[in-house]
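Please open the model in your viewer and keep the sequence panel visible. The tour goes from one selection to the next and says what is found at each.

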Amino acid sequence: APSRQDIPSSDCTAETGASCATAMTLGHDSSMECGEHIVLDGRNFPSANRKQDVPIVMVPGFLGPGWDENKSNPNSPWYSYWGEAAKMSTPGSPVLCAWPSGLASMHDRACEIFAQIKGGVVDFGHEHSEEFGHSRFGRTYPGLYPQWSAANPIHMVGHSLGGNTIRVLQYLLSTKAFSGHDTSEDWIVSITALNSPLNGSLTAYALGEREASAPEIVTLSPGHVLGSVVHAFSFLDFKPVGFDISLDQWNLSYKTASFLDGMKKALLSISVHSDLVESEDNAAFDASVHAMNKWNRKMGAGYPNTFYTSYVGTGRDANTIPALPSGFAMKQWVNWLGRFSQFGFRRGVLSVFLHLTNRRDYSVLKATLPDMHWESWGGYSDGLCCTFAQSYPQVGIETSTPNCRLPETSAEMRPGLWYVEEHGQDHMGIVPFPISSEHQAVFFATMFERVRGLPAVGCRVKQQAEARVASKAAWACERVARTLMDAGSDQEASDADTEPRSPHARVVSGVGDAYEEETN
């Protein structure tokens, strides 16, 4: 698996100056910071324009709670999935929290996030809803950032499956999957993945996915039990400690379906089969290697105008016990006991998951999916994903994904590359159960400073393209007027027995060719 020593530094592919033009990107023309300007497709942008007022949208992972107004409030006293990160807004770059279902598929989560940011009714798409047999439309949201567009883009940060979900959202934006909106991949400036299974996770199979026939699950496996609990809670519309399952589109509640129909689905999920749990339209399957192999083949490694970063958890520092309070104040010790309880919970749970994952040889899975770089699946792990799974998209990618070690500042970053940075915590050691608030604050402060320094490259490219079109139109109008005037003068001086040629015919012929010739 790639370690920090194996990943080349940010200056591995190009020097500064003229050699920047040869830098490797995702199959597109290169772009890189060169001196005082950004070079993109051979065009210069002043480096002073790098920093822009762009919101940062945070996306939680698998089993993250669904939408609630209070959870978007960083001052909420009872909820802190993002902890210190949610408090780091600036006047021009607010930190916004999206809360998609923690159990829905990445496609459905992406559709929820789009509606939560843009505002409006969730639209899961006609074809997708027909394929998986659930309702097309979901809840209605007021919009965290209604002006969201290519001209008003956003940064996105996702933890765990949230990072994968953001990639799916960008893919849906690029394919204009949201009816009534002229979207593009350039609506997102940067994607930051934190402990995300970008290549899938073997833990999905340890918890019940069948290696040979996923999304089928093993009866009475942890995944099967979780699916039964989800059906029961959804049927009863039960929200323990405010946790909203948010699977309204499946009509599992007695409030949206008949009592008997809901009870039938719940009982069948326990004993026979579940259309939700044993389909490709749920979060558990989407965390598997099967799913990410399919998604990565669709999405590719990324887009040329977007900055990509992955923070890879190694778990090497995960057993560090929270430091004892320096004083004797009761509040300090209560806070420490809370941190210690979280530490014990996450280390206990993740140790069990890691044990279940490592005790298997995955011979059936390797035979079913033979070209998944199996020699790299090993080494350090954050408890749910090995470093290979988190690093950058490789499974399902036909060509090598350009990647570099994360540089110190955003000025050294360029779009189209995956930048990789390791940290020593486990899957839940940064969020939602950090070793300390101070550690979490430093981590996100460093991340946000780098992210806020990135330019909205796609927006600027679009503006330049529009400016070129406007320039060409103005040039054509000027040439038409000049040609008409010249043609009028020529016609007055022509012989009476010569049939005059329409000046419009002269104008139309070759205007485009003439423009290209003169501008070149």
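What follows is a walk through helices, loops, buried residues and aromatic rings in a predicted model.

**Stop 1: helix α1**

Select residues 106-118, which form helix α1. This helix has 13 residues and reaches 18 Å from its first C-alpha to its last, close to the 18 Å expected at 1.5 Å a residue. Show the surface around α1: 13 of its 13 residues are buried, so the helix counts as mostly covered. Then step to Gly119, just after α1, where phi is positive at about 95 degrees.

**Stop 2: helix α3 and the residue that follows**

Select residues 161-174 for helix α3. From first C-alpha to last, α3 reaches 20 Å with its 14 residues, close to the 20 Å expected at 1.5 Å a residue. Of these 14 residues, 13 are buried.

α3 is followed by Lys176, with a positive phi near 55 degrees. Lys176 is a residue other than glycine, and its place is the loop between α3 and β9. Is Lys176 buried or partly exposed? Lys176 is partly exposed, with a relative accessible area of 46%.

**Stop 3: where α3 meets α8**

Keep α3 selected and add residues 289-299, helix α8. Two packed helices are described by the angle between their axes and the distance between the axes. Here the axes come within 10 Å and cross at roughly 35 degrees. The crossing of α3 past α8 is left-handed. To see the contact, show side chains for Asn164, Arg167, Val168 and Tyr171 of α3, then for Met292, Trp295, Asn296, Lys298 and Met299 of α8.

Stay with two of the α8 residues. The charged end of Lys298 sits over the ring of Trp295, 4.7 Å from the ring centre. For another such arrangement, select Arg316 and Tyr380: the charged end of Arg316 sits over the Tyr380 ring, 4.4 Å from its centre.

**Stop 4: strand β9 and Asn195**

Select residues 188-194, strand β9, and pick out Ala193 within the strand. Ala193 has a relative accessibility of 2% and counts as buried. What does Ala193 touch beyond its neighbours within four places in sequence? The contacts are Gly158, Gly163, Leu198, Thr309, Ser310 and Tyr311. Draw a distance from the C-alpha of Ala193 to that of Arg167: it is 9.3 Å, for residues 26 apart along the chain.

Next, select Asn195 in the loop between β9 and α4. Its phi is near 55 degrees, a positive value in a residue other than glycine. Asn195 has 1% relative accessibility and counts as buried, because buried means under 20%.

**Stop 5: His159 and its surroundings**

Select residues 154-159, strand β8, and find His159 in the strand. His159 is buried, with a relative accessible area of 3%. Leaving out residues up to four places away in sequence, its contacts include Tyr81, Trp82, Asn195, His427, Val431 and Pro432. Met428 is 269 residues away from His159 in sequence, yet their C-alpha atoms are 9.2 Å apart in space.

**Stop 6: two cis peptide bonds**

Of the residues touching His159, Val431 and Pro432 are worth a further look. The peptide bond from Val431 to Pro432 is cis, with omega near 0 degrees. Pro432 belongs to the loop between β12 (418-423) and α12 (437-452).

Now move to Ala214 and Pro215, which are joined by a cis peptide bond with omega of about 20 degrees. Pro215 lies in the loop between α4 (203-206) and α5 (222-236).

**Stop 7: aromatic rings**

A search of the whole structure finds 19 aromatic pairs. For one of them, select Phe443 and Phe444: the pair is edge-to-face, with 5.4 Å from centre to centre and 85 degrees between the planes. How much of each residue is accessible? Phe443 is buried at a relative accessible area of 14%, and Phe444 is buried at 0%.

Finish by extending the selection to Tyr81, Trp82, Trp99, Tyr311 and Phe448, which ring pairs link with Phe443 and Phe444 into a cluster. Three of these names have come up before: Tyr81 and Trp82 touch His159, and Tyr311 is in contact with Ala193.

Conventions:
Residues numbered from 1 in each chain as written. Predicted model: local features only at pLDDT ≥ 70, side-chain atom pairs only at ≥ 80, totals over all residues. Heavy atoms only, no water. Helix = DSSP H or I, 4+ residues; strand = E, 2+ residues; numbered from the N terminus. Expected span 1.5 Å × (residues − 1). Buried < 20%, exposed > 50% of the residue type's maximum accessible area, 1.4 Å probe, protein only. Phe/Tyr/Trp six-rings, centres within 6.5 Å; stacked < 30°, edge-to-face > 60°. Lys NZ or Arg CZ within 6 Å of the ring centre and 35° of its normal. Contact = heavy atoms within 4.5 Å. Axes fitted to C-alpha atoms, helices over the stretch in contact; angles between N-to-C directions. Left-handed = near helix turned anticlockwise from the far one by under 90°.
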